[in-house]
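Student: I should like a close look at one part of this model. Please describe the helix beside the principal pocket, and the surroundings into which that helix is set.

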Amino acid sequence: MSKIIGIIAGSLRKESFSKKIANGLLQMAPEGFEFKIIPIDELPIYNQDFDDHHNVPDSYVTFRNNIQSVNGIIFVTPEHNRSIPAALKNALDVGSRPYGKSVWNGKPAAVFSNSPGNIGGFGANHHLRQSLVFLNIPVMQQPEVYIQKSNELFDEKGNLKEGDTKAFIAKAVTAYIEWFKKNA
Ligand code: FNR
């Protein structure tokens, strides 16, 4: 049976470069693996009252089931003010509760950060890693993936153009799969 890797893009906007990178990853799943986008767009801001008073939004249930159903995760995060976007942090929070029932526990992950700028989302990449430590998500260390000039990577249809960056991303996916096999 195929192992399923969830891909989470940490941006809500329709033309998001992170979403386009996430879509590009779908073509890179090797034999024995299926890559699947897990959307975070419909999640209301986490409020513990939803869980405490049995008023859990349907989108939380769907999201938590989606995370539970995958074997590993690739996070494709942009950077907002040198950290991760609130939408991505919210998704982490939603999946982490109710207390003791986190759906993240032990799912091997990779972090691919990106930005139109030159630093490639370095700050977001490492802020995300801080939360993943707490959530007990083991994260691939090498290669580190900081994708710069994200606005230059796509053709007019929004597909990743052939070139050094696409080749590097493919190499990072291969490294993640090899690392996943040892850590799952
Ligand atoms: C940004 N952007 C940005 N870029 C960066 O390299 N470092 C940063 O700290 C920030 N901060 C930031 C804050 C906010 C609120 C926004 C909206 C944007 C620019 C950001 O990289 C750019 O908008 C990307 O296109 C966002 O990713 P998506 O939506 O294309 O995936």
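Tutor: The account below takes up the helix α5, then the pocket, and then two buried sites elsewhere in the fold.

The model is a predicted one. Helix α5 covers residues 122-134. With 13 residues, α5 reaches 19 Å from its first C-alpha to its last, which is close to the 18 Å expected at 1.5 Å a residue. Its buried residues are Gly-123, Ala-124, Asn-125, Leu-128, Arg-129, Ser-131 and Leu-132. In an α-helix there are 3.6 residues a turn, so residues three or four places apart point the same way. The packing partners of the buried residues of α5 comprise one helix, α4, together with the strands β3 (72-77), β4 (109-114) and β5 (145-147). Just after the helix, Asn-136 adopts a positive phi of about 60°.

Helix α5 also takes part in the largest pocket: both α5 and α4 (86-96) supply at least two residues of its lining. The pocket has a volume of about 300 Å³. Its lining consists of 13 residues, and those nearest the centre are Ser-96, Arg-97, Ser-102, Phe-134 and Leu-135. The greatest contribution to the lining comes from α4, with four residues. By class, the lining of the largest pocket is mixed, with four nonpolar, five polar and four charged residues.

Strand β4, one of the elements against which the buried residues of α5 pack, contains Ala-110. Ala-110 is classed as buried because its relative accessibility is 0%, the cut-off for burial being under 20%. Beyond the residues up to four places away in sequence, Ala-110 touches Ile-73, Ile-74, Phe-75, Val-139, Met-140 and Tyr-176. As for its placement relative to α5, Ala-110 is 21 residues from Ser-131 in sequence, and their C-alpha atoms are 13 Å apart in space. Ser-131 is itself among the buried residues of α5.

A second buried site follows strand β5, another of the packing partners of α5. Ser-150 lies in the loop between β5 and α6 (164-183). Ser-150 likewise counts as buried because its relative accessibility is 0%. When neighbours within four places in sequence are set aside, Ser-150 is in contact with Phe-17, Asn-114, Ser-115 and Pro-116. Of these, Asn-114 falls within the range of β4 (109-114).

Key:
Residues are numbered from 1 along each chain as its sequence is written. This is a predicted model: local features need pLDDT of at least 70, side-chain atom pairs count only at pLDDT 80 or more; totals for chains, interfaces and linings use all residues. Side-chain values use heavy atoms; hydrogens and water are left out. On a 1 Å grid over the protein atoms alone, a cavity is a set of points where a 1.4 Å probe fits but cannot get out, and a pocket is an open set with protein on both sides within 12 Å along at least five of seven lines; lining residues have an atom within 4 Å of a point. Grid points are joined across faces, edges and corners, and a volume is the space filled by probe spheres set on the points. Ala, Val, Leu, Ile, Met, Phe, Trp, Tyr, Cys and Pro count as nonpolar, Asp, Glu, Lys and Arg as charged, and the others, Gly among them, as polar. The expected span of a helix is 1.5 Å times one less than its number of residues. Buried means under 20% relative accessible area, exposed over 50%, partly exposed in between (1.4 Å probe, protein chains only). Contact means heavy atoms within 4.5 Å.
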